[in-house]
Amino acid sequence: MQIENSVAVVTGAGSGIGRALAESFAADGARVVAADLDADAAEQTAAQIRSHGGQALGIRADAGVTADVEALTATEFGPVDIYVANAGIIGAPGLGADEDWDAILDVNLRSHIRAAQVLVPQWSSRGSGYFVSVASAAGLLSQIGAAGYAVTKHAAVGFAEWLAITYGDDGIGVSCVCPLGVDTPLLDAVRTSANPDAAAGAASIVQSGEVISAQDVASATVDAVKTEQFLVLPHPQVLDMYRHKGSDYGRWIAGMRRYQRSLRAGR
């Protein structure tokens, strides 16, 4: 996939991984549409890109609303070549309530589906296009303390797989990004939570491996898009964890239960 002179939309671009992704795609020559629910944050990202000689627009958009997604794909930059579905929320700890599930499904999963519904027909007719799903290692493994996050990230991985299988022969590329701990406002929010389930989840993330920078994730993602690599693992050890899970599912679940007990005892 050629990034130079492409048009790349990045959702959740106002901070964290999204901002780093927007800046990294711009550094490689893409014209970037930086979208975020926070209009000021989106414009700050775009202004930062422009200050370094890049081309960028900052747009307020709700990734869970189809009309907003359609607006992101119809800017002055022209047809979209790369869509980065990065916007995400951690959601409620534990089982959550119905409204919690509605919110997290809308952002972490349905926003990907809605973007694909808008873009895939266009890309199929052109014979090219690229979809980047920013999921999580929780989508390959699980997430202690947060059912909604674990389930929606599994679903995001599954949807990315389906897109790659179904439309790969039509010239549409897909990458699925699955990091562990990343130094972002999202991780900060759960690390400082007083809720015991959220605290256990945060501890599991921090203890599972090095907490890397958002730029590390962005660099790995841009490299993967260039080579059309599907699975992007900024924390390489996730692959061994995933293989261990698949080799003996029962043993893995028992181990996760022991780990959860240790986290709770340590708290």
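These legends go with a set of close-up views of a predicted model. Because the model is predicted, local features need pLDDT of at least 70 and side-chain atom pairs count only at pLDDT 80 or more, while totals for chains, interfaces and linings use all residues. Residues are numbered from 1 along each chain as its sequence is written, and side-chain values use heavy atoms, with hydrogens and water left out.

**View 1. Trp162 and Tyr167, an edge-to-face pair.**
A pair of aromatic rings is described by the distance of the centres and the angle of the planes. The cut-offs here: rings of Phe, Tyr and Trp (its six-membered ring) pair if their centres lie within 6.5 Å, and planes under 30 degrees apart count as stacked, over 60 as edge-to-face and the rest as tilted. The structure holds four aromatic pairs. In this one, the ring centres of Trp162 and Tyr167 are 5.8 Å apart and the planes meet at 80 degrees, so the pair is edge-to-face. Phe159 joins Trp162 and Tyr167 in one aromatic cluster. Trp162 is partly exposed at a relative accessible area of 45%, and Tyr167 is partly exposed too, at 22% (buried means under 20% relative accessible area, exposed over 50%, partly exposed in between, with a 1.4 Å probe and protein chains only).

**View 2. Tyr249 and Trp252 in helix 10, with Lys245 over a ring.**
Here the centres of the Tyr249 and Trp252 rings are 6.1 Å apart with planes at 85 degrees, so this is an edge-to-face pair as well. Both residues belong to helix 10 (residues 249-266) and sit three residues apart, about one turn of the helix. Helices (H or I, at least four residues) and strands (E, at least two) are DSSP runs, numbered from the N terminus. Tyr249 is partly exposed, with 47% relative accessibility, whereas Trp252 is buried at 12%. The charged end of Lys245 sits over the ring of Trp252, 4.8 Å from its centre; that label needs NZ of Lys or CZ of Arg within 6 Å of the ring centre and within 35 degrees of the ring normal.

**View 3. Cys176 and Cys178, two cysteines without a disulfide.**
A search of the whole structure finds zero disulfides, taking a disulfide as a pair of cysteine sulfur atoms within 2.5 Å. For Cys176, the nearest cysteine sulfur is that of Cys178, 3.9 Å away. Seen from Cys178, the closest cysteine sulfur is in Cys176, and 3.9 Å is too far for a bond. Cys176 is buried at 0% relative accessibility, and Cys178 is buried at 0% as well.

**View 4. Helix 1 and what covers it.**
Helix 1 (residues 16-27) has twelve residues, which at 1.5 Å a residue should span 16 Å; the end C-alpha atoms are 17 Å apart, which agrees. That expected span is 1.5 Å times one less than the number of residues. Among the buried residues of helix 1 are Ile17, Leu21 and Phe25. Their cover includes strand 1 (7-10), strand 2 (31-36), helix 2 (39-51) and helix 8 (214-227), where contact means heavy atoms within 4.5 Å.

**View 5. Helix 2 and its buried face.**
The 13 residues of helix 2 should span 18 Å, and the end C-alpha atoms are indeed 18 Å apart. Which residues of helix 2 are buried? They are Ala41, Ala42, Thr45, Ala46 and Ile49. Looking down the axis of helix 2, these buried residues fall within an arc of 135 degrees, so they line one face of the helix (the arc is that of the directions from the helix axis to the C-beta atoms). They pack against helix 1, strand 2 and strand 3 (56-60). On the other side of helix 2, Asp40 and Ser51 are exposed.

**View 6. Positive phi at Gly29, Asn5 and Glu228.**
Most residues other than glycine have a negative phi. Gly29, just after helix 1, takes a positive phi of about 100 degrees. It lies in the loop between helix 1 and strand 2 and is partly exposed at 28%. Leaving aside neighbours within four places in sequence, Gly29 is in contact with Ile3, Glu4, Asn5 and Ser6. Asn5 has a phi near 70 degrees, positive in a residue other than glycine. Asn5 is found in the segment before strand 1 and is exposed at 55%. Glu228 also has a positive phi, about 55 degrees, although it is not a glycine. Glu228 is found in the loop between helix 8 and strand 7 (231-232) and is partly exposed at 49%.
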